[in-house]
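Good morning, and thank you for joining this group meeting. I would like to speak about enclosed spaces and about one helix packing.

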Amino acid sequence: MESLEHLPVEDANRIKNAYEFEKSLRARPSVTEDSFYTVSGETASCGPGTLLKVEEDTDTSLYTLPPNVSMSRFVYQSATSDGSLVPVSAYVLWPYVARQHQNGLPTVAWAHGTSGVFNECAPSNNKFLWHQFQMPFQLVLNGYVIIATDYAGLGLSMDANGKPIVHEYLTGPAHANDIFYSIIAARHAFPKLSEEFVAVGTSQGGTAAWAFAQKLAREPMPGHLGTVVFHPVTRLLDHAEAPIMPLALVMSAPSLVAKYPDFQLQDIFTTQGVEYITRMEGLKGSNAVLFALPSDFQILKSGWRGNKFVQTHSQYSAAGRQSFSGPLLIIQGGDDPLISADITTAAVHETAEMFPSASIEYHLLPGVSHDAAMYGSLYLLMDWIAARFSGQPTKEGLIGQTAKPTRPEFSQQRDANWFIQRKTEVWQSF
């Protein structure tokens, strides 16, 4: 691996192990070896929402799905934040038996959290679809059909003209387009889907889902029943002091360079920070590789937050404080080390004050961390989604609730201390 040259042996070995671990979680060795993640030149001018290809029955033996769950994959045309056409991959999860709904199979549009920023980071080529029982498996086991975009740049690496696709990390309008057009394309691919749907997103996907609700205020979509948002990045600069911010900007770097031609990495990154980005781009790894890379140095230059391109991007990509199509359910862990509960709470209250007739329900979960919020609020989420499909009305204004745990925080399992692995022996079932 050229990207590991000149690194201490201990660091290089740690990164290699992380890289091999990530490879072991891929359904196929590489998206570059799967023709599904390509499009022909003749699709270049197809409009957003066009279904470009569909694989109705994906080989589930390549994945670690719950029993009786089926999977499909499709590629569709979306649009970048500047409106350029871009092909995007997605998957569909099918329950064994769907919930009864008079207008077709009830659908949830799922927006995933950060999986990386390169083509190999597509959840559709991850054995457990990245978030496994955190959310997509839970939703499908509860009888909903799941439409899940990979986001542009994750999966397909080239557009129909052979131009590289850059993933616009944490760019809400771009991700909103990917959700919006995945739903349209999925309806074309599978007419038995209900027109009615709920959108759900977490972390990066929380930003995406909130931005999607904002897009729907400008471009209504028939059948939208509501949106669920977990711990979103509301405005990038609001999180300037967060420990994760240097890595968030590292992952945003390819998008910033592509979107703002006058932006230079050296404007905000130190020499070591630029080297970090170069290694990351060379490895094209996901989160395990990202966190395995040495980062015990200053990545960002002082004064980086005053950079005009960062400021423009933070404002343009914002979720919250804008008109949206409701209702909206927002869930935030009170002890989230990545997304400050105070920042989310402020965004929720300011949005509610700006749009007092809008329906917002906000749940704060004391002592709960980032991904754990999806487990801690599962029954609340499922009840809320079921109520939307049953036609129950929501109240105008903000309803805020702070959860009351059944047991004290010290006695709870804080985060998952496990991951899903494929069974290779019969005895591993026991």
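I begin with the second largest cavity, whose lining consists of A79, T80, A152, V166, H167, E168, A174, H175 and D178. A cavity here is a set of points on a 1 Å grid over the protein atoms alone where a 1.4 Å probe fits but cannot get out, and lining residues have an atom within 4 Å of a point. This is a predicted model, in which local features need pLDDT of at least 70, side-chain atom pairs count only at pLDDT 80 or more, and totals for chains, interfaces and linings use all residues. Residues are numbered from 1 along each chain as its sequence is written, and side-chain values use heavy atoms, leaving out hydrogens and water.

The second largest cavity holds about 40 Å³ of space, a volume being the space filled by probe spheres set on the points, which are joined across faces, edges and corners. Helix α3 (residues 172–189; helices are DSSP runs of H or I, at least four residues, numbered from the N terminus) supplies the largest share of this lining, three residues.

Helix α3 also packs against helix α4 (residues 204–218), at an angle of about 75° and with the axes 7 Å apart. Axes are lines fitted to C-alpha atoms over the stretch in contact, and angles run from 0 to 180 degrees between N-to-C directions. The two helices, α3 and α4, are therefore roughly perpendicular, a term for angles of 65 to 115 degrees.

Finally, the largest cavity contains about 60 Å³ of space. Its lining residues include L170, R235 and H313.

Key: 1 Å grid on protein atoms, 1.4 Å probe; cavity = no way out; pocket = protein on both sides within 12 Å on 5 of 7 lines; lining within 4 Å. Parallel < 35°, antiparallel > 145°, perpendicular 65-115°, else oblique.
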